[in-house]
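Visitor: Could you take me through one part of this model at close range? I would like to hear about the salt bridges and how their residues sit at the surface.

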Amino acid sequence: MRGIVASGTVVLVILGIGNHLWWLAAVALLYVYATHGRGSPGTPPPGPGTPPSPDTYRAYRERRDRQAKWERRYRRERPFETRRQERQKSR
């Protein structure tokens with residue numbers, strides 16, 4: 001998002017060489033981004049030290065279980081391919 005705002009501001013400043021309304025548009029773009037575009041500064045982004053919210057963890061577990069189910073089904077339906085892949089991994 002910052003890259004888009006920065007490149008948009010540069011383009012508007014370049015266009016503003018001939019017309020000062022473009023300068024005002026660049027200032028307005030920076031103002032809107034500074035007041036509304038960055039989100040609330042008080043909430044830190046979730047990192048490795050913060051526990052995930054229940055909905056996020058529940059969705060993660062569902063995806064993980066679904067992936068495991070598909071992997072078991074793949075191994076069951078294609079035993080020769082599974083063995084070949086395991087041999088290649090061990091090399």
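**A close look at the salt bridges**

Guide: With a relative accessibility of 38%, R64 counts as partly exposed. Keep in mind that this is a predicted model. The side chain of R64 meets that of D65 in a salt bridge, with N and O 3.7 Å apart. D65 is itself partly exposed, at 41% relative accessibility. This bridge belongs to a set: a search of the whole structure finds 5 salt bridges.

Another one joins R58 to D55, whose side chains meet at 3.2 Å, N to O. Both residues lie in helix α3, 3 residues apart, or about one turn of the helix. Which of these two partners is exposed, and which partly exposed? D55 is exposed, because its relative accessible area of 55% is over the 50% cut-off. R58 has 46% relative accessibility and so counts as partly exposed.

Helix α3 covers residues 54-77, and it also holds an aromatic pair. A search of the whole structure finds 1 such pair. The ring centres of Y57 and Y60 are 5.9 Å apart and their planes meet at 35°, so the pair is tilted. Like R58 and D55, these tyrosines are spaced along the helix: Y57 and Y60 are 3 residues apart, about one turn. Y57 is partly exposed at 39% relative accessibility, and Y60 is partly exposed with a relative accessible area of 39%.

Now follow the chain to R78, which forms a salt bridge with E77; their closest N and O atoms are 3.7 Å apart. Salt bridges with shared partners join R73, E77 and R78 into one network. R78 is partly exposed, at 39% relative accessibility, and E77 is partly exposed too, with a relative accessible area of 44%.

R78 has a further link, made through its backbone. The backbone oxygen of R78 lies 2.8 Å from a polar atom of the T82 side chain. T82 sits in helix α4, residues 79-90. Is T82 buried or exposed? T82 counts as buried, because its relative accessibility of 10% is under the 20% limit. Leaving aside residues up to four places away in sequence, T82 touches Y74 and R75. Buried residues make up 8% of the 91 residues in the protein.

Helix α4 also contains R84. The side chain of R84 makes a polar contact with the side chain of E81, at 2.4 Å. At 33% relative accessibility, R84 counts as partly exposed.

For the wider setting, the protein has 4 helices and 0 strands, and its elements run α-α-α-α from the N terminus. The protein exposes about 8,300 Å², with carbon and sulfur atoms supplying 61% of that area. As a nonpolar counterpart to the charged pairs, V10, I14 and I17 form a patch on the surface, with about 320 Å² of accessible area together. I17 is placed in the loop between α1 (2-15) and α2 (20-37), and I17 is exposed, with a relative accessible area of 68%.

Notes: Residues are numbered from 1 along each chain as its sequence is written. This is a predicted model: local features need pLDDT of at least 70, side-chain atom pairs count only at pLDDT 80 or more; totals for chains, interfaces and linings use all residues. Side-chain values use heavy atoms; hydrogens and water are left out. Helices (H or I, at least four residues) and strands (E, at least two) are DSSP runs, numbered from the N terminus. Buried means under 20% relative accessible area, exposed over 50%, partly exposed in between (1.4 Å probe, protein chains only). A polar contact is a pair of N or O atoms within 3.5 Å; within protein, one must be able to donate a hydrogen and the other to accept it, and residues adjacent in sequence count only if both atoms are side-chain atoms. Contact means heavy atoms within 4.5 Å. Accessible areas come from the Shrake-Rupley method with a 1.4 Å probe; for residues, only the protein chains shown count as cover. Rings of Phe, Tyr and Trp (its six-membered ring) pair if their centres lie within 6.5 Å; planes under 30 degrees apart count as stacked, over 60 as edge-to-face and the rest as tilted. Patches are made of residues with over 30% relative accessible area and no salt bridge: like charges are joined within 9 Å, nonpolar side chains (Val, Leu, Ile, Met, Phe, Trp, Tyr) within 5 Å. A salt bridge is a side-chain nitrogen of Lys or Arg within 4 Å of a carboxyl oxygen of Asp or Glu.
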